[in-house]
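Trainee: I would like to learn how to read the packing of helices and rings in a structure that is new to me. Could we go through it together, starting with the general idea each time?

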Amino acid sequence: MTACRPPVLTIRAFPSDLALMLGLLAATVLTGDLFFSLWLADREAPMDCAFGQFMNCPKEAGAMFSGTLKYLALLLGPGPLIYYVATLRSVQRSMPLADAPFTGATPAVRNLVREAGLQREPTVMVDPNARAGAYVTGGFLWPPLLMLGPELLAMREKDEHSHRIFEAVVRHEIAHLRSGDLRSYAVMTALRWSNLLAGAFTAYVLALSPGELGGFPTLVRIVLLITLGELIARAYLRFREYHADLHAGLADRDALMAALDAQGEGTEAKLRSWLRHHPMGGERRGALEVPERILASSRGIVFLGGTTAGVLLATLQDMLLRFYGPRDKFFSPFLCGLLVGLGLTMFLAFTLWRHHWYAGTTSVMRTVSTAVLAAAGLLAGTWTALYTRGSSFGIFGFPLAPSVLTALVVGMLLLCGWLTLLGAQWFRVDPHAERIPRFLRVAVPSACLLGGWLFVVLWTWAVLLRSATLLCSQPGHTCTSAAPELVTAFITGRFGPGPVLVAVVFVALAVPLAIRSWNLRKPRADACECLRT
């Protein structure tokens with residue numbers, strides 16, 4: 001006798017969008033905080049001049065180091081403190097569930113907690129401010145806390161329908177604890193507050209010294225950087241609710257949908273929904289009805305990822321020039337392009353692959369829009385980042401020369417197209433994502449090689465073009481030909497035919513062919529797999 005296993009997509013096979021958003025937020029906030037700390041420490045550190053030297057003196061290394069640590073603590077410290085104080089206030093205004101006048105609520109909640117199989121059971125309390133809702137908090141110095149509203153607890157004692165809604169809401173909050181996202185939520189909250197405070201503090205210092213960092217245009221950039229971090233944080237919060245709904249819906253999806261319907265919330269315009277930190281009931285209901293939608297890639301998220309990469313490129317370039325100096329024009333752009341390129345390549349890869357397994361295919365328009373939005377975000381990010389260096393070796397935004405812009409767009413199109421091809425080849429034999437780790441062991445290293453090489457070339461090109469443009473525009477300096485042609489010829493000669501380019505081309509051709517040949521030896525997984533019983 002045989003039984004067929006239903007084709008269920010393994011959503012957890014892919015990196016969670018929570019991890020992607022938390023990574024973007026951490027990269028944005030920590031890099032910005034380090035940049036602000038270095039700038040403020042540089043303003044205060046004394047000169048370290050040798051005897052008889054009065055010009056081009058470096059800042060004292062010890063003062064720079066201690067000042068940077070001081071301002072990092074000043075910018076990162078308030079976030080965890082605010083989270084701790086907010087949790088303390090919640091505990092102070094609440095009472096333990098066992099002491100609350102709700103008959104039978106304690107064993108009912110304890111049964112739901114035991115049913116979830118948590119490694120560490122939460123402390124259950126009644127928060128009057130929660131009313132008909134519930135939430136979880138804790139982390140850092142607190143144990144996990146499950147806070148229930150009195151109106152929600154009162155629903156349990158009504159009819160059977162209200163009792164099921166009560167259990168669905170509690171299961172949703174327990175799902176946050178079961179998935180372990182309370183720790184990442186605490187980290188996100190600390191980073192979110194640090195983003196806001198760092199921007200406000202830097203804007204205050206800038207107001208005291210209007211000539212620093214470029215004046216009013218820099219103030220606009222600070223606001224844009226704060227907005228970038230806030231949009232990423234709100235996207236994380238929305239995805240967090242979707243994941244908890246999927247966990248809670250495994251036990252009683254109808255009751256959870258009824259609880260969402262009771263909120264009376266539908267859907268909103270796309271732009272307005274991006275500003276929400278909590279998704280609307282209609283959007284959450286749609287994710288419950290089609291759980292695979294959680295893998296769908298949003299074009300706005302792609303743009304946020306590209307913008308973050310652009311900000312990181314320009315900011316890291318500036319910080320490396322501060323420490324390493326302009327002695328070697330290729331070290332800082334090489335290192336920046338490699339580090340940021342690896343991160344952006346993996347972000348684009350998982351975005352495209354997750355969407356391919358959700359939709360079953362990736363259209364040419366989806367691949368092109370992903371590449372164009374990532375390129376546009378990277379371009380915007382380099383112009384949004386803050387700068388403190390004015391030498392000709394710095395870069396003030398990605399150059400707008402047609403040659404390097406064309407290379408950027410074409411490179412992104414080729415990279416996204418290759419990543420899509422790689423995912424499509426594996427999807428043919430693994431449509432339910434059951435063997436994704438085996439795919440990642442092959443795809444991730446090859447994608448890192450291609451993406452790292454591509455962004456090293458693009459960023460080195462951009463930095464040298466900006467430097468050549470500034471040099472040719474100086475009075476008394478004459479260039480025999482236009483700067484773009486000079487830099488293009490140099491980049492072609494340096495990154496042209498050679499062992500590295502041969503290795504990149506070999507990997508780009510060999511990996512898809514290897515996956516295809518492996519697929520031909522394996523049976524297709526279109527039909528359901530039959531298990532002998």
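Mentor: Let us begin with how two helices are described: angles under 35 degrees count as roughly parallel, over 145 as roughly antiparallel, 65 to 115 as roughly perpendicular and the rest as oblique. Please keep in mind throughout that this is a predicted model.

Trainee: At what angle do helix 12 and helix 14 pack, and how far apart are their axes?

Mentor: The angle between helix 12 and helix 14 is about 45°, and their axes lie 9 Å apart. These two helices are therefore oblique to each other, and their crossing is right-handed. On the side of helix 12, the residues that make the contact include L348, L352, W353 and W357, while helix 14 contributes, among them, L415, L419, W426 and F427.

Trainee: Several aromatic residues appear there, so how should I read a pair of rings?

Mentor: A pair of aromatic rings is described by the distance of the centres and the angle of the planes. In this model the count comes to ten aromatic pairs. One of them joins W357 and F439, with 6.2 Å from centre to centre and 45° between the planes, and this pair is tilted. It links distant parts of the chain, since W357 belongs to helix 12 (residues 331-359) and F439 to helix 15 (residues 436-472), 82 residues apart.

Trainee: Are W357 and F439 buried or exposed?

Mentor: Both W357 and F439 are buried. F439 also pairs with W426: the ring centres are 5.5 Å apart and the planes stand at 35°, so this pair is tilted. Here W426 in helix 14 (residues 402-427) and F439 in helix 15 are 13 residues apart.

Trainee: Why is W426 called buried?

Mentor: Buried means under 20% relative accessible area, and W426 is buried because its value is 4%. For F439 the relative accessible area is 1%, so F439 is buried.

Trainee: Which residues do ring pairs link into a cluster?

Mentor: The cluster consists of F14, F350, W353, W357, W426, F427 and F439, linked by ring pairs.

Trainee: How would I read a single residue in a strand, such as V136 in strand 4?

Mentor: Begin with its place and its surroundings: V136 lies in strand 4 (residues 134-139), and it is buried, with a relative accessible area of 7%. Leaving aside neighbours within four places in sequence, V136 is in contact with several residues, including L145, L177 and R240. The charged end of R240, in turn, sits over the ring of Y185, 4.2 Å from its centre.

Methods:
Residues are numbered from 1 along each chain as its sequence is written. This is a predicted model: local features need pLDDT of at least 70, side-chain atom pairs count only at pLDDT 80 or more; totals for chains, interfaces and linings use all residues. Side-chain values use heavy atoms; hydrogens and water are left out. Helices (H or I, at least four residues) and strands (E, at least two) are DSSP runs, numbered from the N terminus. Buried means under 20% relative accessible area, exposed over 50%, partly exposed in between (1.4 Å probe, protein chains only). Contact means heavy atoms within 4.5 Å. Rings of Phe, Tyr and Trp (its six-membered ring) pair if their centres lie within 6.5 Å; planes under 30 degrees apart count as stacked, over 60 as edge-to-face and the rest as tilted. A charge sits over a ring if NZ of Lys or CZ of Arg is within 6 Å of the ring centre and within 35 degrees of the ring normal. Axes are lines fitted to C-alpha atoms, for helices over the stretch in contact, and angles run from 0 to 180 degrees between N-to-C directions. A crossing is left-handed if the near helix is turned anticlockwise from the far one by less than a right angle, and right-handed if clockwise.
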